Structure formats: structure tokens, C-alpha cells
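Here is a briefing on a multi-chain model. It covers how chain copies pack, which contacts join them and how far to trust the prediction.

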4 protein chains.
Amino acid sequence: MPDNLSDHRYQVALANRMLANEGVLDAFGHVSIRHPTDPGRYLLSRSRSPAVIEADDILEFTLDSAPVVAPTVALYAERVIHGCIYQARPEVMAVCHHHAPAVMPFCIAGVPIVPVFHLGAAGGETVPFWNQRDEFGDTNLLVVKPEEGRSLARALGPHGAVLMNNHGATVVGRDLRELVSRSIFMCQNAEYQLKAKLLGDVATLTAGETRLASTLNALPNVTNRTWEYWTLRLDKAGGLPPQAAAKSSASKPKARLRAASAKSGASRKTVAGGKSRKKGKAR
Amino acid sequence: MPDNLSDHRYQVALANRMLANEGVLDAFGHVSIRHPTDPGRYLLSRSRSPAVIEADDILEFTLDSAPVVAPTVALYAERVIHGCIYQARPEVMAVCHHHAPAVMPFCIAGVPIVPVFHLGAAGGETVPFWNQRDEFGDTNLLVVKPEEGRSLARALGPHGAVLMNNHGATVVGRDLRELVSRSIFMCQNAEYQLKAKLLGDVATLTAGETRLASTLNALPNVTNRTWEYWTLRLDKAGGLPPQAAAKSSASKPKARLRAASAKSGASRKTVAGGKSRKKGKAR
Amino acid sequence: MPDNLSDHRYQVALANRMLANEGVLDAFGHVSIRHPTDPGRYLLSRSRSPAVIEADDILEFTLDSAPVVAPTVALYAERVIHGCIYQARPEVMAVCHHHAPAVMPFCIAGVPIVPVFHLGAAGGETVPFWNQRDEFGDTNLLVVKPEEGRSLARALGPHGAVLMNNHGATVVGRDLRELVSRSIFMCQNAEYQLKAKLLGDVATLTAGETRLASTLNALPNVTNRTWEYWTLRLDKAGGLPPQAAAKSSASKPKARLRAASAKSGASRKTVAGGKSRKKGKAR
Amino acid sequence: MPDNLSDHRYQVALANRMLANEGVLDAFGHVSIRHPTDPGRYLLSRSRSPAVIEADDILEFTLDSAPVVAPTVALYAERVIHGCIYQARPEVMAVCHHHAPAVMPFCIAGVPIVPVFHLGAAGGETVPFWNQRDEFGDTNLLVVKPEEGRSLARALGPHGAVLMNNHGATVVGRDLRELVSRSIFMCQNAEYQLKAKLLGDVATLTAGETRLASTLNALPNVTNRTWEYWTLRLDKAGGLPPQAAAKSSASKPKARLRAASAKSGASRKTVAGGKSRKKGKAR
């Protein structure tokens, strides 16, 4: 189904730009999804800054992180992060690696990020800390070797995200929208946690609250609302990915935004198999 | 008076977008007003991100937070916050629930927000702290049950705002403009309080200063000036709510801004019954 | 010379908008200049948010802060700040009162702002602290009575600025450009001082360095460069004051910016009587 | 080769605007490159705010910081910083002096900036601290005398950057792109280091990690990617330098961006003599 895959490529480009627009990604960082019909492959951009990625930049990789078609363009050196996690976590459908300013102080001080507000529960009760030095000694801190990727995946374990010493974070999701929400809310959580610490004692959510709130956060009506919101903000900033050339009718902002939302909905159904409830339950 | 109510709907949409533009609301949070002629009802948007709310999104609810007309759209789950406060506080004409980044550190550290500058007195001398856990144990931290809403309203008591543990704040006003001012100035106050604490000892206003300054802050000439300012900033950001289709002459920015101000003035007179003094007393 | 005064009115409007654009002023705060040919009067806007002030808003006041012409519009309540300082300090040609976020933590913690970098020397070696409570007890913290204005002017003494408890700051200059530079650099100084304190011990400039650096900062080639820079930023943000209706040829951005600079230059020569040195000495 | 030099002039203007757009430069600060074919000269703008510099503003200077052609415009007073470093460090091809807000707290507290994340390794293991007071006593803190420039160059030694007490920083690079990357990443590093300190103990990179990561950061595929990213951001902000009048076809944003990138590539090959590797190694 070639048309369907082009929708997925568009969604991955959109998620990259959305996370760049929200300050999670900058010149670096990348977002992938597992191939929607072949769980042994994933979709990731060629090496580009997230803010400029287009659907056509999204390539297919095996879970060994080898490109399915011999590339004519540069590839991300750290793509083993994606491949090794998709190998270790069959239920993970989307992965993001980033160096967001909000998490860096935690990656440097080695202080755990803990859930401090209801949306921050999206990150889960525990965000493990992976110290590349423990196993690999002095490196340039990039995760480029398969054994580094596997070690990182082991540290991630069953969790939603993992911090990487002096480097950044890697976040996973059961679909692209959960991934984007979790990445953004984890950054907000980190900022609030740091400031709360400056004020006094940090009160974290209980295990029960974290479980209940994170269940809520993953409901389609919540992730759909935030997806619409972040798409709108991206569109206002003039940052939506270009549509395919044939769809020239979608060139005006309003039309492009409508197209982005429509595509989002379509893609979501395919990826997560869910169906959004739309009445009386959203926040 | 159907035309008058459409003005009120426009004002609620405007307040939502204004507070989003000033960083109080984001994908979440909501603003309501009590129905201008039926104190047993309130006006609140369907479930949408505040930045995109339009006049047509504003629906009527009874004080039990039931929609007056059976809805065909999603509703906010937390609307009991509004209904329960309108029940408990007859003089309250407007309510805002938000998760502003400025207040979150206080909601997490459990540190009281106290008035530290003259405009911050808008929040009042005491902002009580409601810990949902005390009465309801582990929840997802949303306020969705009537008994949760009533408990929150009890904690609010006669005050202008209440902090909610690991969640956000709820603010009330005697009219929409006081609500918006109080919400924004309380956020500024929180930011200054945190930074002052990093510098040294925080000097708070005395009870007398708080009373005198908050009286001043509620004067129409002050709330009118800030309302014009925040409307202007929203307009510059391209964020004013769309006018009704018939008013097509109001499509240019200047005309739209004029319309927004005019409506604001009209609405204010109706809501607060006041009359702005315009000479020699504004700051 | 009616034409000349309209240039001055334009400059005051421009300075208000510039300081709003740089985050010193918001919905509140105001900038005045002493009347260029009558030292017994000053020029100040009617009560408006600084970002929207136009040349036509600028009115004349006596040093008792009475309007020269009976006003048909609202006036700032705190204009005695300006009048009392012009009375006490004959060499002061421009005054700004503001609540900039950068200085508020110092006004609340009662910690002195001290010069910590070469441009911060613009604020002078000492910024005194005026506590309104000492002399007037509980007030709404506004400075509205002549005796309050005189008390503030006494606290200012011979210095370039004064902090006001839980309220803000008042800054003076020997001309409008010095005032604007001093206001902005004092805010930057305050931000750096707070962050330096979080890092370790704050090293201040010596008295000699402060004197030498502040002399440098007041040179026309420095204040002209920053004036051009802040004008450019204001223009980029679409915030220049409108030109008089007759000058319709100046409607395009480039032309408007040129006009703003030209006017600035003209005005400067008149106000300060100086002549900019343009060769080999700017930084 | 006159045409080639005009390309270099354009690159210097572009770098100035890029660093202004990323918050490293403001009304002050300057970027130079060594003359591409005459190592006894360097190229630096006339005295202007970096955000408005154009190719035609870039002038030639000898390493004694004397203009090659008698100037008709104002020059930067601190140009000895550039000349003295080019004299002392033959391999240095580009120099930036700035007062970025991110580094100022370190210049004031006298706390060393140390590499705390992989990209921050661009600053090198050691950033020395130069205290102008030690050798020159009370000054206005500007570096204007040749002996001050030489003292600063001695303090810089073989390192990539030097902090200047209560003033700012000076950064060097083996080409313009390395300089820009190092300047920006050093600022990010400083911000993360300050926040990590507020959280707990700051873990720095080891000497080995710093060496490995800084080698990586200087690879053309990394500096090209960031250069494209920062150019894109500058273009979005409407800040690209104007093209020469003859190239009127390059007036649309897309064309201008293409021109900026093309020029960048051309220039890079000339300056660094390198050739970008484009396949399979970028991050």
C-alpha cells in the first residue's frame, strides 16, 4: 500500500517538525516509527535537522539499522538507538532521541526525573539513567555501535524513556502521538521539577497517581487534542511539512492544516488500531 | 436577548485566547463566565485548546455542570470545577482553571504564593492549597466528580484563587476582566517570588497594602487598560477569535481590534454594571 | 517651534515602544522628557500602555505635574514621579518608571543591584532602595501624592536609578538615549547578577571601573549604536509609532526606519547639544 | 580574486547575523576571519550592530589592526582582540568576541566553564579566565590597547575560548563554521552547567571524552548541518544579509536561502581546504 506509507512518511516529518517547534529537538535529534505493516523495519529520516524534514526524506531501515535501499544521502550515525529498541521492545511503535534543554541538567547532574504533575506522569514512574561510560569507557558519547544501542535498550528496560549521561534522552511510545506527548510533557515535568526544588521539597506523584494519570494521558481524546494543538502552533510558525506536489490545492495555510489533521487521524487509526472517543470525556 | 449572549460568547473566546497568548493556558485549561441573566447557568467552551476557541464553541451549562442542550461535541471533563464554584460563591462571575508554568513549582513544592508586588496583590493575601489526595487518595488528579469539585470549592473558600497539588490553579473573578488580570498577575507574582527567594529574604506586602493594592487593581480604569493591552498583543500574534460571518467588514486587523475592544466595553458594562472612569486616575 | 516639539513627541513615543519591545515596560510604566526649551515643563503620554503610544498622546505638564492644557483623556496617576525628580535634579532631562521582571526580584528581596559588567556600569556604582512603607505606612504602593514623589526623589539623590520596594524602579538620564540605555543595561545587569549569585561569589566592578565604563557608555557613539539597534528590533516587530498623516511617503518599513533614525539624530542634537563622533572610536 | 573575497565578506556578514539570531551577539560583539589568501590581514565589519551587517561593511585590516584603506566610517574600538590573536595563533582563521547572556554569570562569578555535554566539548577541556584588572588595574573593561590585546591572547594560549572578567568571552576557530558552532555550543553548555549545579553535582566530560567529542564536532558533516540549520532559522526571522544588487533574481526567500547555502559551501572549501563527506556518518 504505497499511498498509506506516504501518509506515514508525512506523519514522521510532521512529528519531527512539531518537536522542533516545541523546543524538544534542535539541529539534532530524530523521530522514527516502526513500519506499519512490517514489524521488522522502521522509518527514519535521512540525516537532516528535524525542522526541515519532508516526507520524501523518510527512509526504511531493517532492525539492524541497515537501509533497505542503498542510500544516496547521509544517514544519522545514531540510528542504532532506534533499531535496537525496536528489537528489544515489540510493542514500541515510535522512538525519539533528543537533547532537549529541559532534560540536559538532569543528564549532567545524574538526578532522576520523577513525575511531579499529572501530565508529567506520561513519562512513567521511573526514568532510568544510562551511563555510557560504565560499559564503554571514554567515547564521543554518540551511540553508534550495535553493542552501545543494545546496552541503551537494556537500560531502558520496560520504561517509557531513558536519560543518557551528558548527552540527552531517548523516549518511546506505543504510537507516534503518545511518543510526541510523552516527549513534550517529560520536558515540562523536568522544568517544573527543577524549579520546585529551588522552592522547597519536591512532592512526586504516588505510584497509583502515576499509573492513573498516565493511563489518562494516553487516551486518544487527550493525544488527539494535543496533536491538534501542536500542529496548530507549528502551522502558525510556518513550519508544516510541504504536501506532495500533486496536492496543490492544499497550498493555503488553512487547507494545509486541515490536511495535516486529516492525515493525522488516518494514520492514528492505522498505527494504533484505536478509535477516538469524542464525546463527554476530554479534558 | 440573543444578540447580547453572542457578545458574551465572543468575550469568553477572547479571554481564552488572551490567556493562552500570555502563557497562562496551553493545550489545556478553560475559562467560563456565569450566564449574564440566569445565575443558575454558566458559559464554557466545548473541549478544545483555548487558543482556537471561537464564540460558537461556547455552550450553556447548569450549575450541576450538565449541558443545557444535549451536546454533539466533546465536553471538558473538569467542568465541575466551574459549576461547583458558581454554586458556592454567588458573587463569582468568572472562573479559570489552568496549569501555568509559573505556578506549577508552587503546586509541586507546596509553597504558598504570597503577594510580593502591588499588581500581585490581585491574588489576595492568601491563596489556599488544596491537596486532592487528602480526601480522595490516589486519583488521576483531574477534578471530575461533583464531590471533588465541591471539595475544591470549599478549599477555595472566600479567596481569589486556589492551588491544586501537582496539578495547577483555579482562579475566580467578579467579572471576566478581573479574572484575566488576576490570573496573569498571579503568574507574574509567582515568578518574582521564586527569583526573590533565590536572591535573599522575600518581603511580602502587608495585609493593609494587599487590601489597598487589590482594590486599586480591580478598578475599571486599570482592568480596561490591561484588557486593551492583552487584546493588542493577541491581535499582533494573529490570534483574535473570528467575528461572526455577517460582520465581513471587520476582516482587517485594525477593524477586528476595534471590534474586539468595542465588544469588550459593551460586555463589561453588562457583566459588572460599572462604568469606566476615564479621567485623571489611571496609572 | 511647533515642528521641533512634534519631533520630541515622536521620540518619547518611540522610547516608550522601544522599552516595551525590550521587556522593560509592559502594560504599565512610562517615559518622559523635560521640555526642550522650557525647563519648567515636561512631556509625558496620556494614560496608555507604552507599546501603543503615539506622538499625539504626549502632553505637557508643569513640574507640579499639572497638565498645561485641561485634559480630555485619562492621565497617569504616578506622574508626580516625573515632576518631583525634574524639580530636584535640574540636569535630568529624561525619566522612566518601570516594573521590569529583571529588577522585581531585587525590589522584593531588598538586595542592591551592583554593577557586574561594563555595560551594567550605566546604572552607576549605587542604586539606592526606597521603602515607601518607612515614611507612608500602608499604601497601595503607587506614588501619587506630591510628598511621595518628593520622598522618592530624595532617595534617588544624585544617582542614576532608584529601586522601589515591591513595586519597581525609576531611572533618570541626561538625555533620552542615555535613559533608554541605562534602563535596558540595568535590567541585563540584574539578570546576570542573580545568575552569578547562583553560581558563586559575585565580583562587582570597582569604583574606578564603574566610573570609567559609565563614562564610555554615555558617549554618543555608543548610545547612537544601541538606539539604532533597538529601533531596528522594534521595526522588525512592527512596532514603530505611526508617522504624522502628511508624511504618507514614509509608510514602507525601510522608509519608516529611516525616518525614525533621522528624527532620532535630529532630536539628539537638540536635547543634548552634542555631536556624534563617528570615526574610529565606537566599539 | 575579487569575486572570491566578496563571497568571504558575505560569509562574515552571515556569521554575524546568525550569531545575533541565536542570542550570542546583540548590539555588541563582532566576528572576523583571517584573509583567505593573505595571512597578514583579517576581515572585520565597520562598527555596526551584528544583526544589520552587510557584505559591503566588511573591511580589511593588518594584524596590527590598522585599516588597509583609510576608513570613512567608524571602526570597532576592540579590534585589537582580533589582530593580536591572529598574530599569536597562526592556525586560527576566525575570531568572535561576544557578551552572550549565557556566559556572563561565569565571567562575573569567576567560575570556569567546563564541558558538560558532547556538543559542549566544542569549547575544549579548558576555557581560561583572563582578569584584565590583574595587569591593567582599573579600566573601562574594553580591550583597546595593543598590550591589552596581547595579554588577552596570552591568556587564551592554545585554547578555543577565553572568558573575560565582568565583560564577556572571545572564541576562536580553524574556520568560520567551527567558530560559529563553538560559540553557540559553549553558550548552551554554560546554561546547562548552571542549571545542573542547581540540581546537584555537575559531572563533566573526561579529558578523553572531550577530545573525542570535540573531534567529532569539528567534522564538516556536523558543522555543515548546523550551519544549514542556523541559516534556515535566520532566514525564517527575515535576517539574511542582502545579496549584491546584480543578483536580483535571488530576492525571494527560497532563492536567498539557496544562495546563502551555496555560498557557504563554496567558501568553506576555500577556507578550510576540506571536502564534506556526505554519506553514512552524520548524526
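Between chain D and chain A, 2 salt bridges cross the interface by the rule applied. One pairs Glu209(D) with Arg133(A), with the closest N and O atoms 2.8 Å apart. This is a predicted model. The predictor gives the complex an ipTM of 0.88 and a pTM of 0.90.

**Where chain D touches chain A**

- Chain D brings 35 residues to this contact, and chain A brings 39 residues.
- The two chains bury about 3,300 Å² between them. Carbon and sulfur atoms account for 65% of that area.
- Polar contacts also cross this interface: 9 residue pairs, with both residues at pLDDT 80 or more.
- Three helices of chain D each supply at least two residues to the side that touches chain A. They are helix H6 (176–199), helix H7 (207–217) and helix H8 (220–236).
- H8(D) gives the largest share of that side, 7 residues.
- By class, the side of chain D that touches chain A has 18 nonpolar, 7 polar and 10 charged residues.

**Where chain D touches chain C**

- Here 39 residues of chain D are in contact with 35 residues of chain C.
- The area buried between chain D and chain C is about 3,300 Å². Of this, 65% comes from carbon and sulfur atoms.
- The rule finds 2 salt bridges across the interface of chain D and chain C.
- Arg48(D) and Glu228(C) meet in a salt bridge through their side chains, at 3.9 Å from N to O. That distance still falls within the 4 Å limit for a salt bridge.
- There are 9 residue pairs in polar contact between chain D and chain C, with both residues at pLDDT 80 or more.
- Helix H3 (104–109) and H6 of chain D each supply at least two residues to the side that touches chain C.
- The largest share of that side, 5 residues, comes from H3(D).
- By class, the side of chain D that touches chain C has 22 nonpolar, 11 polar and 6 charged residues.

**How the copies are related**

- Chain D superposes on chain C after a rotation of 90°, with 0.0 Å of shift along the axis and an RMSD of 0.0 Å.
- These two copies are thus related as by a four-fold rotation axis.
- Which C-alpha of chain D is nearest the axis? It is that of Leu198(D), 5.4 Å from the axis.
- Chain D also superposes on chain A by a rotation of 90°, again with 0.0 Å of shift along the axis and an RMSD of 0.0 Å.
- For that rotation too, the C-alpha of chain D nearest the axis belongs to Leu198(D), at 5.4 Å.
- Why do chain D and chain C meet through different surfaces? Only 3% of the interface residues of chain D are also interface residues in chain C, so the copies do not use a shared patch.
- For chain D and chain A, only 3% of the interface residues of chain D are also interface residues in chain A, so these copies meet through different surfaces as well.

**Salt bridges beyond the interfaces**

- Over all chains, the rule counts 40 salt bridges.
- Within chain A, Arg46(A) forms a salt bridge with Asp57(A), and the closest N and O atoms are 2.8 Å apart.
- Arg46(A) and Asp57(A) are 11 residues apart, and the pair links distant parts of the chain.
- Both residues lie in the loop between strand E2 (41–45) and strand E3 (58–62) of chain A.

**Confidence in chain A**

- Chain A has a mean pLDDT of 87, and 85% of its residues reach 70 or more.
- The pLDDT is below 50 over residues 245–256 of chain A. Beyond near neighbours in sequence, this stretch has 10 contacts in the model.
- Residues 261–283 of chain A also have pLDDT below 50. That stretch has 61 contacts in the model beyond near neighbours in sequence.

Notes:
Residues are numbered from 1 along each chain as its sequence is written. Chains are lettered from A and ligands numbered from 1 in the order in which they are written. Side-chain values use heavy atoms; hydrogens and water are left out. Copies are superposed by least squares on the C-alpha atoms of residues with pLDDT of at least 70 in both. Contact means heavy atoms within 4.5 Å. pLDDT is the predictor's confidence in each residue, from 0 to 100. Buried area is the accessible area (1.4 Å probe) that two parts lose on being put together, summed over both. A polar contact is a pair of N or O atoms within 3.5 Å; within protein, one must be able to donate a hydrogen and the other to accept it, and residues adjacent in sequence count only if both atoms are side-chain atoms. Helices (H or I, at least four residues) and strands (E, at least two) are DSSP runs, numbered from the N terminus. Ala, Val, Leu, Ile, Met, Phe, Trp, Tyr, Cys and Pro count as nonpolar, Asp, Glu, Lys and Arg as charged, and the others, Gly among them, as polar.
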